[in-house]
Amino acid sequence: KGKFIFQGTYRSGMFFGGFFGAFHTVKYGVRVLVDPGDVGEIGLGSVVGLGAVFAKREWRASLPYAVMLVGMDTFHVFMRDS
């Protein structure tokens, strides 16, 4: 039972860590290349990151959680500036 839980935790952690890392890579890459502002950075990072999650059928069940991660990051960005 413990091995099963560890495998699920490992798989989820790697998936969401990879997703959030890729989202931030795109987000800050856009900032460095064109600097469209916070909305543009978050928008393009979201389209690329969430689009990749949506593209694979077996990852689609994780889409609401990925949207929540992007939402929390967006909230943090806009609350930081106010």
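A search of the whole structure turns up four salt bridges, and this tour stops at three pairs, Lys27 with Asp73, Arg31 with Asp38 and Arg31 with Glu41. Keep in mind as you click around that this is a predicted model.

**Stop 1: two helices**

Start by selecting residues 2–33, which make up helix α1, and residues 63–81, which make up helix α3. Their axes sit 11 Å apart and the helices pack at an angle of about 45°. That angle makes α1 oblique to α3. Turn the view until you can look through one helix at the other: α1 passes α3 in a right-handed crossing.

**Stop 2: the contact**

Now show side chains where the two helices touch. On the α1 side, pick Phe16, Phe19, Phe20, Phe23, His24 and Lys27. On the α3 side, pick Tyr65, Ala66, Leu69, Val70, Asp73 and Val77. Colour them by character and you should get nine nonpolar residues, one polar and two charged.

**Stop 3: Lys27 and Asp73**

Stay with this contact and zoom in on Lys27 from α1 and Asp73 from α3. Their side chains meet in a salt bridge, with N to O at 2.6 Å. The two partners come from distant parts of the chain, 46 residues apart, one in helix α1 and the other in helix α3.

Buried or exposed: which is Lys27? Lys27 counts as buried, because its relative accessibility is 1%. Asp73 counts as buried too, at 9% relative accessibility.

**Stop 4: Arg31 and its partners**

Next, select Arg31, along with Asp38 and Glu41. Take the Asp38 pair to begin with: Asp38 forms a salt bridge with Arg31, and the closest N and O atoms are 3.5 Å apart. Then swing over to Glu41, whose side chain meets that of Arg31 in a salt bridge of 2.9 Å, N to O. Arg31 lies in helix α1 and Glu41 in helix α2 (residues 38–55), so this pair ties together parts that are 10 residues apart in sequence.

What do the shared partners add up to here? Through them, the salt bridges join Arg31, Asp38 and Glu41 into one network.

Finish by switching on a surface and checking two members of that network. Glu41 is buried, with a relative accessible area of 1%. Arg31 is partly exposed, with a relative accessible area of 32%.

Definitions and conventions
Residues are numbered from 1 along each chain as its sequence is written. This is a predicted model: local features need pLDDT of at least 70, side-chain atom pairs count only at pLDDT 80 or more; totals for chains, interfaces and linings use all residues. Side-chain values use heavy atoms; hydrogens and water are left out. Axes are lines fitted to C-alpha atoms, for helices over the stretch in contact, and angles run from 0 to 180 degrees between N-to-C directions. Helices (H or I, at least four residues) and strands (E, at least two) are DSSP runs, numbered from the N terminus. Angles under 35 degrees count as roughly parallel, over 145 as roughly antiparallel, 65 to 115 as roughly perpendicular and the rest as oblique. A crossing is left-handed if the near helix is turned anticlockwise from the far one by less than a right angle, and right-handed if clockwise. Contact means heavy atoms within 4.5 Å. Ala, Val, Leu, Ile, Met, Phe, Trp, Tyr, Cys and Pro count as nonpolar, Asp, Glu, Lys and Arg as charged, and the others, Gly among them, as polar. Buried means under 20% relative accessible area, exposed over 50%, partly exposed in between (1.4 Å probe, protein chains only).
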